Amino acid sequence: MIVAEQKQAETKEFRNPEPGNYLGRLFSVIDIGTQTTMWEGQEKQQHKILLNFELFGEDSNGPLEIGGKPLTVYKRYTLSLNDKSTLRADLESWRGKKLTPEELGGFDLSKLVDKYAMVNVVHNDFQGKTYANISSLAQVPSLIKEFPKGVNEAFLFDLNKFDQTTFDKIWGWQQEMVKKSAEWRNKPDPVTIEDDDVPF
């Protein structure tokens, strides 16, 4: 006999880091593909990526961690290096120098995985909830000589070179972003992709 039992919903402890500048480590770059966005009433198709950082240090509530794991924040970018792009501005601020003409022709984001930056965190309210978001990135001061050991596994997910093992490393809510992309919808063999029930 198969007996169904009511299961208590799991609740995960959650905490926003306070606004401020923190040392962060980029532990994953996630290609979420071509997404539909609205800008000034017009629908656009734009290629997007996510940069996920883990934070180190402390705020007025103590060390930036829960259960021994660092708090994390992310930023979504349009995959563009044009003059006005946020990605270009953050990359140049992080590296402390302008991108070269060669880099503007194609910057390899995998080089940034497992690297450290100063992460400026701000709070934004949306639909009654407060979220911690990345405002900007900057160079780590030269006086910081030693870096804390990273906790989260470092990886890059390239949607155009789909790998199920790497996809499985992505948080469920970010997997859902990938599944909204035009690339995902047009995958030639979607049967091989299993849905998950589960947020340079």
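Begin by selecting Asp114, which in this predicted model sits in the loop between helix H2 (101-104) and strand E8. Its backbone is worth a look, for Asp114 has a positive phi of about 75° although it is not a glycine. Most residues other than glycine have a negative phi. With a relative accessibility of 39%, Asp114 counts as partly exposed, because exposed residues are those over 50% and buried ones those under 20%.

Next, move to Gln127, which is found in the loop between E8 and E9. Here too the residue is not a glycine, yet phi is positive, at about 50°. Gln127 is exposed, having a relative accessible area of 70%.

Now turn to strand E8 (116-126) and select Val119, whose contacts, leaving aside residues up to four places away in sequence, are Gly20, Asn21, Tyr22, Gly24, Phe53, Leu55, Val73, Ile134, Ser136 and Leu137. Val119 belongs to the largest nonpolar core, a set of 26 residues, in which Val119 and Phe53 touch the most other members. To see where this core draws its residues from, colour strands E1 (20-39), E2 (42-56), E7 (72-78), E8 (116-126) and E9 (129-138) together with helix H1 (86-95), each of which supplies at least two of them. The most comes from E2, which gives 4 residues.

Finally, select Ile30, Leu50, Phe157 and Val178, which are among the 11 residues of a second core, separate from the one just visited. In soluble globular proteins, nonpolar side chains tend to be buried together.

Methods:
Residues are numbered from 1 along each chain as its sequence is written. This is a predicted model: local features need pLDDT of at least 70, side-chain atom pairs count only at pLDDT 80 or more; totals for chains, interfaces and linings use all residues. Side-chain values use heavy atoms; hydrogens and water are left out. A nonpolar core is a set of buried Ala, Val, Leu, Ile, Met, Phe, Trp, Tyr and Cys residues joined through side-chain atoms within 4.5 Å. Buried means under 20% relative accessible area, exposed over 50%, partly exposed in between (1.4 Å probe, protein chains only). Helices (H or I, at least four residues) and strands (E, at least two) are DSSP runs, numbered from the N terminus. Contact means heavy atoms within 4.5 Å.
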